[in-house]
Amino acid sequence: MNPAQGWPFGLRLVLAALLGALAAFGLAPFGLWGATLVALVLLAPLFLSTETRGRAAWVGWAFATGYFAHGLSWIIEPFFVDAARHAWMAPFALVFMAGGLALFWALAFWLARRPGGSVVAQAVFLAVTVSLAEIARGYVLTGFPWAGIAQVWIDTPVSQLLSLIGPYGLGALTLLATLPLGVALTQRGGFAFPLGLTAGTAILAAGYATTRPAVTKTDHVVRLIQPNAPQHQKWDRNYAPLFFARQVEFTAAQPRPDLIVWPETSVPEWLGSAQSYLDVIADAAQGTPVFLGIQRGDGPQIYNSMIYLDQQGQQEGLYDKHHLAPFGEYVPFGNLMAKFGIHGMATTAGHGFSAGPGAALMDAGELGQALPLICYEAVFTQDVLSAPGRADFLLQITNDAWFGTRSGPYQHLVQAQMRAIEQGLPMMRSANTGVSAMIDPLGRIAKSLPLGQAGFIDAKLPAPLAPTVYSKVGDLPFFVFLSVLFGLLWRLTRPENA
């Protein structure tokens, strides 16, 4: 007997939203993955208590809205950097972002609810439809996969499954291990199959983690620079020279590393007129190559870029960020919107930054090939999978000052750890305000500098592992598998098959 069936529908919606907010405690900085599992288990009876598919969609929307509103609460932070211009948008941004992303889940719940059909089969079907919805959320309209279910598993052995099935596969396994179990708790019998799914998932995760190879370190030492420039001061003429001088000082420190990495947009001048700054950096580096973030212009177009200065201080590499943050780095129909005073928060030039040509490799000399990722790009597994070849390491430069000091920077770090596991590659991460870190190919943080602290770390570069299964096959096979499973369950859950 499902007790939720007798409750008022409004109460069920409130409970669904509260369970969603509870589930978000599994995300960084809390990391309470048990809260996510409990919330998903308890969600299943609410789903099955709905009398119609429309009501099921509302339950799914309420749960996901609560989840995203809590998990993405950091999204209000950028609007307070220039509060006079943007603060009024903050509540609207959070409400529309959470409610909009929740529409993916609402559709999944609507599709999965088949009143009169097998309840256990419907719970499995729900796990499949939500998994497909999460894939869509990561790809449709440039995608926004932040706060994916798989992120709750970081720093646990379960996270190693990312190297096998990727973030969407791990999210699907999490749903399969919880939703059918929640249904079983409301039934007098039929525990065997749901318990089998839960136990099988746990055994798979634990067993696979033991097969992962050991990580070794190279002899190369990398210096990650963190100037700790608050966003409201970063471009202020009274402060920018101080932050630049701070980075130069960290660059010149002894002993000498083999590579130095500055964060995103760390040079307070555009590339075309920054030679004097680059000369200062080269002098401080004393023959050590440097990766650094800088803005550049090319005619009417502007780019968020990364360059490589070789041992002689000459620019030998250039990468332009290609996956831009909507409303941060550009605004759709930006030239029109600019007439109304609406710009991307990271720029005030027309429609904002232009997108580069795509993923690329950069030569890092003796250290091998780097796959550059600028800020937001590390959120997208497809941006890493689209690289033209296999890198020796991943390199993220970022300016997490936009994300505040609560949850945003920590969730961004988690996603960098996930990309390392998925590819079996080390990740260098230089962040303006933190967290800067050297991450090994198993996603473990080898060395880091805390949020909000100026300084640098010297860390040995871990050696890459062999290419992972996921790095070879990507998301397409799993998407096809889920699509086939969707078709089979669509037939199985029809009321006449009950």
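Trainee: Which residues is Thr381 in contact with, leaving aside its neighbours within four places in sequence?
Mentor: This is a predicted model, so local features are read only where pLDDT is at least 70. Thr381 sits in helix H13, residues 381–385. Leaving aside neighbours within four places in sequence, its contacts are Pro167, Tyr168, Arg419, Glu422, Tyr470 and Asp475.

Trainee: Does Thr381 count as buried or exposed?
Mentor: Buried means under 20% relative accessible area. Thr381 has 2% relative accessibility, so Thr381 counts as buried.

Trainee: What is the order of the strands in the open sheet?
Mentor: The sheet has 6 strands, and their pairing is mixed. Read across, the order is E6-E7-E8-E9-E10-E11.

Trainee: Which strands stand at the edges?
Mentor: Look for a strand with a single partner. Such a strand has one side without a neighbour in the sheet. The two are E6 (362–363) and E11 (445–449).

Trainee: Which helix packs on the sheet, touching E8, E9, E10 and E11?
Mentor: Its direction makes about 160° with that of E9. It spans residues 408–423. It is helix H14.

Trainee: In which sense do E8 and E9 pair?
Mentor: E8 covers residues 393–398, and E9 covers residues 427–431. They pair over 5 bridges. The sense is parallel.

Trainee: Which residue in E9 stands opposite Thr398?
Mentor: Pro263 is a useful way in, with both Thr398 and the residue you want among its contacts. The residue opposite Thr398 is Ala431.

Trainee: Where does Pro263 lie?
Mentor: Start with the elements on either side. Strand E2 covers 259–261, and helix H11 covers 275–285. Pro263 lies in the loop between E2 and H11.

Trainee: Is Pro263 buried or exposed?
Mentor: The cut-off for buried is under 20% relative accessible area. Pro263 has 1% relative accessibility, so Pro263 counts as buried.

Trainee: How many Å separate the C-alpha atoms of Pro263 and Met306?
Mentor: Along the chain, Pro263 and Met306 are 43 residues apart. In space, their C-alpha atoms are separated by 9.1 Å.

Trainee: Which helix gives the most to the lining of the second largest pocket?
Mentor: The pocket has a volume of about 270 Å³. Among its 16 lining residues, the closest to the centre are Leu37, Trp153, Ala177, Thr201 and Ala202. Helices H2 (33–48), H7 (162–184) and H8 (192–210) each supply at least two lining residues. With 6 residues, the one giving the most is H7.

Trainee: How many charged residues does that lining have?
Mentor: Sort the lining of the second largest pocket by class. There are 12 nonpolar and 4 polar residues. The number of charged residues is none: no charged residues.

Methods. Residues numbered from 1 in each chain as written. Predicted model: local features only at pLDDT ≥ 70, side-chain atom pairs only at ≥ 80, totals over all residues. Heavy atoms only, no water. Helix = DSSP H or I, 4+ residues; strand = E, 2+ residues; numbered from the N terminus. Buried < 20%, exposed > 50% of the residue type's maximum accessible area, 1.4 Å probe, protein only. Contact = heavy atoms within 4.5 Å. 1 Å grid on protein atoms, 1.4 Å probe; cavity = no way out; pocket = protein on both sides within 12 Å on 5 of 7 lines; lining within 4 Å. Points joined across faces, edges and corners; volume = space filled by probe spheres on them. Nonpolar A, V, L, I, M, F, W, Y, C, P; charged D, E, K, R; others polar. Pairing = 2+ DSSP bridges. Axes fitted to C-alpha atoms, helices over the stretch in contact; angles between N-to-C directions.
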